[in-house]
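This report covers the chain contact, the sheets and their helices, the nonpolar core and the cysteines. The sequence and structure are shown first.

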Protein chains: 2
Amino acid sequence: MTRWPLPEPMRLALDEAAAAARMGEVPIGAVIVRDGAVIARAHNRTRALPDPTAHAEVLAIRDAARVLGQERLEGCELWVTLEPCAMCAGAIAHARIARVYYAAGDPKGGGVEHGARVFEQPQCLHRPEVYAGMGEAEAAALLRGFFRDRR
Amino acid sequence: MTRWPLPEPMRLALDEAAAAARMGEVPIGAVIVRDGAVIARAHNRTRALPDPTAHAEVLAIRDAARVLGQERLEGCELWVTLEPCAMCAGAIAHARIARVYYAAGDPKGGGVEHGARVFEQPQCLHRPEVYAGMGEAEAAALLRGFFRDRR
């Protein structure tokens with residue numbers, strides 16, 4: 001059997017997640033792509049900074065906004081290894097991200113297809129297209145390994 | 001009639017909101033208090049930075065975490081002039097803020113008593129106590145004036 005290769009941005013997001021684990025941070029990575037080019041990549045850094053808002057998605061969005069010199073990231077894609085939480089889903093909406101690709105769903109903490117379902121609320125002023133599941137096995141394995149090693 | 005004076009942290013949050021308006025930012029202010037002392041204060045700066053996540057609450061939480069040198073703000077209070085959105089409510093939960101005081105409710109964008117109702121979801125790992133309404137008239141007047149002047 002040949003598995004279809006992962007798209008490059010998701011591979012990079014998984015690399016970021018693996019880098020987070022090596023630094024003792026929860027292994028979640030995110031990449032922002034515009035016109036086919038990676039303009040920001042980040043992983044969780046809540047412990048190192050310390051900053052409870054320093055999820056991979058928030059850091060990547062902040063970097064991309066700085067790179068582009070504008071608060072709206074219209075036309076950009078966000079690739080992330082785990083379903084965004086409510087905070088990150090809100091940040092994605094505020095940033096006007098066009099498309100979100102996430103690998104693994106997160107029943108315990110997700111805010112897109114679980115819980116707060118931020119994009120489905122009438123208060124959400126921008127709804128990205130959302131595609132889930134690519135790289136799911138790899139992303140989940142990184143998280144499982146991380147929490148197993150810390151027990 | 002004598003109106004009961006606003007608590008000092010809410011007065012400071014309103015001052016921050018007024019400062020935001022003077023800078024062309026949406027007039028919302030936030031203050032973080034620990035053991036009766038203000039440890040962080042901020043207002044919206046999404047345009048100036050530019051950073052779509054730079055809401056008053058997020059900036060105050062990031063500052064407080066830096067000041068305390070830890071990602072969890074246990075025992076801290078957040079005072080903010082408007083009902084937090086889903087992003088900010090998520091940040092408040094991640095930060096383990098003990099108590100949230102907000103002035104005006106926000107039916108159009110709020111994520112606490114409206115829409116995503118972040119703190120009511122099973123995915124929310126920390127639920128602060130929430131008190132609403134103090135300073136409501138003052139906070140709403142700042143927002144109304146700001147949007148009226150920009151029309």
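Buried area is the accessible area (1.4 Å probe) that two parts lose on being put together, summed over both. Between chain B and chain A this predicted model buries about 2400 Å², and carbon and sulfur atoms give 64% of that area. With contact meaning heavy atoms within 4.5 Å, the interface takes 32 residues from chain B and 32 residues from chain A. On the side of chain B, Pro52(B), Glu71(B) and Gln123(B) supply 27% of the area buried against chain A, more than any other three residues.

The model is predicted, local features need pLDDT of at least 70, side-chain atom pairs count only at pLDDT 80 or more, and totals for chains, interfaces and linings use all residues. Residues are numbered from 1 along each chain as its sequence is written, chains are lettered from A and ligands numbered from 1 in the order in which they are written, and side-chain values use heavy atoms, with hydrogens and water left out.

**Sheets and helices**

Helices (H or I, at least four residues) and strands (E, at least two) are DSSP runs, numbered from the N terminus. Two strands pair if DSSP finds at least two bridges between them. Chain A has an open sheet of 5 strands in the order 2-1-3-4-5, with mixed pairing. Strand 2 (37-43) and strand 5 (129-132) of chain A each have a single partner strand, so one side of each is left without a neighbour in the sheet. Neighbouring strands of this sheet are turned by 15° against each other on average, direction ignored. Strand 1 (residues 29-34) and strand 2 of chain A run antiparallel and are joined by 6 bridges; in strand 2 of chain A, Arg41(A) is the bridge partner of Val31(A).

In chain B an open sheet of 5 strands also has the order 2-1-3-4-5, again with mixed pairing. Its edges are strand 2 (37-43) and strand 5 (129-132) of chain B, and the twist averages 15° from one strand to the next. Val31(B) stands opposite Arg41(B) in strand 2 of chain B.

The table lists helices that lie across these sheets. Axes are lines fitted to C-alpha atoms, for helices over the stretch in contact, and angles run from 0 to 180 degrees between N-to-C directions.

| Helix | Strands touched | Angle |
|---|---|---|
| Helix 1 (residues 8-22) of chain A | strands 1, 2, 3 and 4 of chain A | about 150° to strand 1 of chain A |
| Helix 2 (residues 56-68) of chain A | strands 1, 2 and 3 of chain A | about 140° to strand 2 of chain A |
| Helix 2 (residues 56-68) of chain B | strands 1, 2 and 3 of chain B | about 140° to strand 2 of chain B |
| Helix 4 (residues 136-149) of chain B | strands 3 and 4 of chain B | about 60° to strand 4 of chain B |

**Core and cysteines**

Buried means under 20% relative accessible area, exposed over 50%, partly exposed in between (1.4 Å probe, protein chains only). A nonpolar core is a set of buried Ala, Val, Leu, Ile, Met, Phe, Trp, Tyr and Cys residues joined through side-chain atoms within 4.5 Å. The largest such core has 96 residues, and Leu73(A) is among those that touch the most other members. Not counting residues up to four places away in sequence, Leu73(A) touches residues including Ile32(A), Ile61(A) and Ile97(A).

A disulfide is a pair of cysteine sulfur atoms within 2.5 Å, and the count over all chains is 0. Cys76(B) is buried at 0% relative accessibility, and its sulfur lies 16 Å from the closest cysteine sulfur, in Cys88(B), too far for a bond.
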